[in-house]
Amino acid sequence: MAEAGANLTYNFCSGPAMLPEPVLVRAQSELLSFQGLGISEMEMSHRSPQFLSILDQAENNLRKLMDIPPQYSVLFMQGGASLQFSAVPLNLANKHGRVGFINTGYWSQKAMAETARFADVVEIASSVDSEFKQAVYPERLNGEGFDYIHFTPNETIGGVEFFDLPDCGNTPLVADMSSCILSRPIDVKRFGLIYAGAQKNIGPAGLAVVVVRNDLIGRASDATPRLLNYQTVISEHSMANTPPTFAIYLANLVFEWLIVRGGVKEMERKNQEKATLLYSCIDGSQMIFNDVEPSSRSRMNVPFQFYDETLLPLFLASANEHGLLNLQGHRSSGGCRASIYNAMPIEGVVSLIEFIKEFEKSHVK
Ligand SMILES: *Cc1c(COP(=O)(O)O)cnc(C)c1O
């Protein structure tokens, strides 16, 4: 939220997304000399006591924020969320070689396609009938022989979010939480594994966070690349090779920022408030609409379309001039999308709403 020219800017990018300003200011203040060492955090050995302490703090702060029980491990890995599409089946799909998927759109399908290289993929529920405009829950499962059930609690592109968990009986539930992690409290005990790329709600792109129940690991085949083997990553304390030290440092600053701001409970309150304001503006508009089933509307990613699509280029250009950046929708869906993750202050959402109203007044009769 820096000043660009005369305007405050608000970055609505879906990812890499905006980071909290205090985090960037802190990183800037420590950039040239971390804790008075005369070198930056980026230049320190990953075996130095300073970095080991950052890594410990990052894990402990995440454990605190998500209330992660001791029987779960926390891993910091590389390759973003997409490499986890491969890592998860390599580590977890070794008993039945079968994985159940809930298909709610773009990212579910990306995960399914990658998983299919390593295991049989069975679609156990799909929202194709609603053109992926809602969350769907599978019939209750019992003993179908899946190694795990995978779902995407927040479909970042479609703007579709699950507010309940699928009931999978004893089958472990795996969630790609890239775009909703830390946005509200969740009960980690109900999951076998949670993973997230960092660039939406945690920190810089490239880093991935994995939270996994310990009894599920240790069965990866010898052909599994070392850096993708959760057992190896855990034994090496997320340092099976040189870890992305600066990304982990920034993630930890974000975790500290979240804790100071009241944790995920307070984030949920703020996120709910921001989303409610924006959806009611859209629903009251004669110019734009959101067609996601109302009970599945994402609090993180708010897509909207124009009744008259010819207005879109002017809207985007004009928004940009007002410091409202990166509102264009994903290339697969067009229209607009406002991503309003934890770091987006309510003032940014209010500015967007005022801009939408002004634009509508002058361009729609
Ligand atoms: C952004 C995103 C991804 C991809 O993340 P990468 O870090 O680019 O691999 C995967 N899943 C979801 C839900 C996402 O939002």
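Hi everyone. Let me start with the lining of the largest cavity: its residues divide into seven nonpolar, three polar and one charged. Before I go on, please keep in mind that this is a predicted model.

So, which residues line the largest cavity? From the N-terminal part of the numbering we have Met18, Leu19 and Pro20, and then come Lys200, Asn201, Ile202 and Gly203. Val254, Trp257, Asn342 and Ala343 complete that lining. The volume of this cavity is about 60 Å³. How many cavities of 30 Å³ or more does the structure hold? Just one.

Now for the pockets. The largest pocket has a volume of about 320 Å³. A set of 23 residues lines the largest pocket, and if you want to find its centre on the screen, look for Phe132, Lys133, Ile157, Gly158 and Ser333, which lie nearest to it. Which elements each supply at least two residues of this lining? They are helix α4, residues 106-115, and the strands β14, at 301-306, and β16, at 336-339. Of the contributors, β14 gives the most, with three residues. As for chemistry, the lining of the largest pocket has eleven polar residues, seven nonpolar and five charged.

Compare that with the second largest pocket, where the volume is about 240 Å³. Here 21 residues form the lining, and Leu165, Arg184, Pro185, Ile186 and Phe191 are the closest to the centre. What is the make-up of this second lining by class? We find 15 nonpolar residues, five charged and one polar.

Let me come back to α4, since we met this helix in the lining of the largest pocket. Its partner here is α3, residues 80-92; the two axes come within 9 Å and cross at roughly 45°. At that angle, which is neither under 35 degrees nor in the 65 to 115 range, α3 and α4 are therefore oblique to each other. Is the crossing left-handed or right-handed? For α3 and α4, it is right-handed.

And who makes the contact? On the α3 side you can pick out Ser82, Phe85, Ser86 and Pro89, while α4 brings Trp107, Lys110, Ala111, Glu114 and Thr115. Sorted by class, the contact of α3 with α4 has four nonpolar, three polar and two charged residues.

That's my tour: one cavity of 30 Å³ or more, two pockets, of about 320 Å³ and about 240 Å³, and the right-handed crossing of α3 and α4. Thanks for listening!

Technical notes: Residues numbered from 1 in each chain as written. Predicted model: local features only at pLDDT ≥ 70, side-chain atom pairs only at ≥ 80, totals over all residues. Heavy atoms only, no water. 1 Å grid on protein atoms, 1.4 Å probe; cavity = no way out; pocket = protein on both sides within 12 Å on 5 of 7 lines; lining within 4 Å. Points joined across faces, edges and corners; volume = space filled by probe spheres on them. Helix = DSSP H or I, 4+ residues; strand = E, 2+ residues; numbered from the N terminus. Nonpolar A, V, L, I, M, F, W, Y, C, P; charged D, E, K, R; others polar. Axes fitted to C-alpha atoms, helices over the stretch in contact; angles between N-to-C directions. Parallel < 35°, antiparallel > 145°, perpendicular 65-115°, else oblique. Left-handed = near helix turned anticlockwise from the far one by under 90°. Contact = heavy atoms within 4.5 Å.
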